[in-house]
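Subject: The structure I promised you

Hi,

Here is the structure we talked about, so open it up and keep it beside you while you read. Below it I've written down what turned up.

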Amino acid sequence: GIFAAKLGLTQLEFFHRRGFLNTAFKERRFLYLFRKDTLAQAISLEIAAQTRNWKASADHRPADTSPEYSRKRIELKREGIEKKYRQFEAYFERHDLRPLAVCFEELVREPAGILQAVGEFLGHPLEFGPEVENVRFTPDPIKAEWRLRFLDGN
């Protein structure tokens with residue numbers, strides 16, 4: 001009897017308005033995944049949107065899809081991300097829900113510990129292999145360059 005789904009705010013509100021969440025699930029627990037570094041998230045989203053490469057593990061980009069830096073597009077994406085976080089937090093507050101907040105940066109730094117906390121929160125210990133503890137992200141030079149350009153005001 002365990003069901004899990006990844007929902008956007010619009011989907012969550014849709015199911016809530018129709019009473020589906022209360023009817024279908026006697027007990028509900030929510031995980032709220034967020035990033036503290038919304039600039040990094042906006043840059044990643046902009047690059048993914050341009051290259052159509054949505055997987056961090058994909059280490060190549062098609063040659064004809066070199067992303068073009070745009071401060072304005074990054075700013076707009078960042079504003080949208082921060083707005084969505086505020087909307088999620090307001091939703092949880094409005095409905096007196098206490099999700100487990102999972103910070104992306106902490107998940108990357110300490111995957112095994114965070115997964116253990118998630119399992120405890122859900123009431124079901126999670127099992128994972130040693131490969132989880134050895135997950136490392138390779139820095140992306142384009143993301144690093146765009147971050148510096150953005151912080152320099154360009």
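Before anything else, a term you'll need: a salt bridge is a side-chain nitrogen of Lys or Arg within 4 Å of a carboxyl oxygen of Asp or Glu. Keep in mind, too, that this is a predicted model.

With that term in hand, look at lysine 77 and glutamate 46. They form a salt bridge, and their closest N and O atoms are 2.7 Å apart. The two are far from each other along the chain: lysine 77 belongs to helix H4 and glutamate 46 to helix H3, with their positions 31 residues apart. Is glutamate 46 buried or exposed? Glutamate 46 counts as buried, because its relative accessibility is 2%. Lysine 77, on the other hand, is partly exposed, with a relative accessible area of 23%.

Now zoom out for a moment. The chain has eight helices and two strands, and reading along the sequence gives the pattern α-α-β-α-α-β-α-α-α-α. Of its 154 residues, 27% count as buried. If you take the contacts with a separation of 6 or more, 69% of them come from residues 24 or more positions apart.

Back to the two helices that the first salt bridge links. H3 covers residues 38-51 and H4 covers residues 71-94; their axes come within 8 Å and cross at roughly 120°. That angle makes H3 oblique to H4. The crossing is right-handed. If you want to click through the contact, the H3 side includes Leu39, Ile43, Glu46 and Gln50, and the H4 side includes Arg73, Lys77, Ile81 and Tyr85. Sorted by class, the residues of the contact between H3 and H4 come to eight nonpolar, three polar and five charged.

H4 has other partners as well. One of them is H1 (residues 9-17), whose axis comes within 10 Å of the H4 axis and crosses at roughly 25°. So H1 is roughly parallel to H4, and the crossing is left-handed. Here Leu9, Leu12, Glu13 and His16 of H1 meet Lys84, Gln87, Phe88, Tyr91, Phe92 and Arg94 of H4. This contact has five nonpolar, two polar and three charged residues.

Another partner is H8. Which way do H4 and H8 lie relative to each other? Their axes are 11 Å apart and the packing angle is about 90°, so the two helices are roughly perpendicular. On the H4 side you'll find Arg71, Ile74, Glu75 and Arg78, which meet Trp146, Arg149 and Phe150 in H8. By class, the contact of H4 with H8 has three nonpolar, no polar and four charged residues.

Now for some more charged pairs. How many salt bridges does a search of the whole structure find? The count is eleven. One of them is within H8 (residues 141-151): the side chains of glutamate 145 and arginine 149 meet with an N to O distance of 3.7 Å. These residues are four apart in the helix, so about one helical turn separates them. Glutamate 145 is partly exposed at 42% relative accessibility, and arginine 149 is also partly exposed, at 32%. Elsewhere, salt bridges that share partners join Glu46, Arg73 and Lys77 into one network.

A further salt bridge pairs aspartate 96 with arginine 98, the closest N and O atoms being 2.9 Å apart. Aspartate 96 is exposed, with a relative accessible area of 56%, and arginine 98 is exposed with 56% too.

Aspartate 96 deserves a second look for its backbone. It sits in the loop between H4 and strand S2 (100-103), and its phi is near 50°, a positive value in a residue other than glycine. Arginine 52 is another case: phi there is near 60°, again positive in a residue other than glycine. Where is arginine 52? Look in the loop between H3 and H4. Arginine 52 counts as exposed, because its relative accessibility is 60%.

If you'd like one place to start, go to lysine 77 and glutamate 46, then follow H4 to its contacts with H1 and H8.

Cheers

Note on methods:
Residues numbered from 1 in each chain as written. Predicted model: local features only at pLDDT ≥ 70, side-chain atom pairs only at ≥ 80, totals over all residues. Heavy atoms only, no water. Axes fitted to C-alpha atoms, helices over the stretch in contact; angles between N-to-C directions. Parallel < 35°, antiparallel > 145°, perpendicular 65-115°, else oblique. Left-handed = near helix turned anticlockwise from the far one by under 90°. Contact = heavy atoms within 4.5 Å. Nonpolar A, V, L, I, M, F, W, Y, C, P; charged D, E, K, R; others polar. Buried < 20%, exposed > 50% of the residue type's maximum accessible area, 1.4 Å probe, protein only.
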